[in-house]
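Visitor: Could you take me on a close look at one part of this structure, the place where the two helices meet and what surrounds them? I would like to see how the neighbouring strands and open spaces fit into the picture.

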Amino acid sequence: MAKRTKAKAKTKAKAKRATKKTAGKVSARAGKPSPIPQGYRSVQPYLIVDGAAKAIAFYKAAFGAKERMRMDAPGGRIGHAELEIGDCVIMLADEAPQWEAFAPAKYGGSPVSIMVYVPNVDAVVKKAVAAGGKLTREVKDQFYGDRSGGITDPFGHHWH
C-alpha cells in the first residue's frame with residue numbers, strides 16, 4: 001500500500017510539473033491556447049506606416065530594435081512585422097487602405113505617443129535625431145522626476 005501511495009504521489013507531482021510548464025501556453029485541461037501568446041504583453045502597439053521597410057531600418061538605428069519577423073505583402077510592401085525594443089514588441093505594417101489602416105499623415109499627424117524607457121535618454125534621442133527623427137522636445141529633467149525628451153520619427157509617430 002505504501003508503494004501505491006508513493007506511485008500516486010509521483011504521478012500527481014509529475015502532472016503538476018507538466019501543468020506549470022504549459023502555464024501561459026496551452027491549458028492542460030481544456031486544450032485551449034493562452035489568450036496572451038508567450039513573449040507578448042497584454043497591450044501591443046501596432047504602427048501603420050507609409051514605408052514599413054524604411055521604418056524598420058529607422059527603429060533599428062534609432063532605438064536598437066531587433067527584427068523578430070517580417071511577412072511581405074504584394075507589391076514589395078510589408079503586411080506585418082514585429083520588432084523588439086527592450087523587453088517589448090512593436091508590431092507594424094505598411095498602410096492598407098482596404099482595412100482602413102493609414103499612416104499618421106492621412107490624419108494630419110498622430111495623437112498617440114509611445115513611451116520608451118532607456119538607460120541613457122540623451123544618447124538615444126541624439127541617435128534617433130541622427131537617424132532622421134525630428135526633435136520635438138528637448139531632453140531635460142522633468143518636474144515629475146523623469147529625464148525625458150521626444151522625437152517624431154520620419155513616419156509621423158511620436159516617441160518620448
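Guide: Gladly, and please keep in mind that this is a predicted model. Two strands in a sheet make a good start, since they lead straight to the helices. Strand E8 (residues 158-159) is joined to E5 by two bridges, and the two run parallel. Within that pairing, Trp 159 in E8 is the bridge partner of Ile 114. Keep Trp 159 in mind, as this residue also belongs to the lining of the largest cavity.

Now widen the view to the whole sheet. E5 and E8 belong to an open sheet of four strands with mixed pairing, and the order is E5-E8-E7-E6. Strand E5 (113-114) and strand E6 (134-141) are the edge strands; each has a single partner strand, so one side of each lacks a neighbour in the sheet. E6 pairs with E7 in the antiparallel sense, over five bridges, and one place to look is Lys 140, which stands opposite Ser 148 in E7. Follow the chain round and you will see that E6 and E7 make a hairpin with five residues between them. In its turn, Gly 145 has a positive phi of about 105 degrees.

Here the first of our two helices comes in. Helix H3 (residues 121-130) lies across E6 and strand E7 (147-152), and H3 runs at about 10 degrees to E7.

The second helix comes with another sheet. This one is also open, with four strands in the order E1-E4-E3-E2 and mixed pairing. Its edges are strand E1 (46-49) and strand E2 (66-73), each with a single partner strand, so one side of each has no neighbour in the sheet. From one strand to the next, the twist averages 20 degrees. Strand E3 (residues 77-85) and E4 are antiparallel partners over five bridges, and Ile 85 has Cys 88 in E4 as its bridge partner. Lying across E1, E2, E3 and E4 is H2, which runs at about 10 degrees to E3.

With both helices placed, look at how they meet. Helix H2 (residues 52-63) packs against H3 at an angle of about 145 degrees, and their axes are 7 Å apart. The crossing is right-handed. From H2 come Phe 58, Ala 61, Ala 62 and Phe 63, which meet Val 124, Lys 127 and Ala 128 of H3. By class, this contact has six nonpolar residues, no polar ones and one charged residue.

Several of these contact residues turn up again if you look for enclosed space. The structure holds one cavity of 30 Å³ or more, and the largest cavity has a volume of about 120 Å³. Its lining includes Phe 63, Val 124 and Ala 128, and those residues also take part in the contact between H2 and H3. Also in the lining are Val 121 and Val 125, along with Gly 149, Gly 150 and Ile 151. H3 and E7 are the elements that give two or more residues to this lining, and H3 gives the most, with four. Trp 159, the bridge partner of Ile 114, is there too, with His 160 beside it in the list of lining residues. By class, the cavity lining has nine nonpolar, three polar and no charged residues.

Finally, turn to the open space. The largest pocket has a volume of about 370 Å³ and is lined by 21 residues. Those that lie nearest its centre are Ile 85, Cys 88, Met 115, Val 116 and Tyr 117. Ile 85 and Cys 88 are the bridge partners from the pairing of E3 and E4, while Val 116 also lines the largest cavity. H2, strand E4 (88-94) and H3 each supply at least two residues of the pocket lining; E4 gives the most, with three. By class, 16 of the lining residues are nonpolar, two are polar and three are charged.

To put the tour together: H2 lies across strands of one sheet, H3 lies across E6 and E7 of the other, and both helices supply residues to the lining of the largest pocket.

Methods:
Residues numbered from 1 in each chain as written. Predicted model: local features only at pLDDT ≥ 70, side-chain atom pairs only at ≥ 80, totals over all residues. Heavy atoms only, no water. Pairing = 2+ DSSP bridges. Contact = heavy atoms within 4.5 Å. Axes fitted to C-alpha atoms, helices over the stretch in contact; angles between N-to-C directions. Left-handed = near helix turned anticlockwise from the far one by under 90°. Nonpolar A, V, L, I, M, F, W, Y, C, P; charged D, E, K, R; others polar. 1 Å grid on protein atoms, 1.4 Å probe; cavity = no way out; pocket = protein on both sides within 12 Å on 5 of 7 lines; lining within 4 Å. Points joined across faces, edges and corners; volume = space filled by probe spheres on them.
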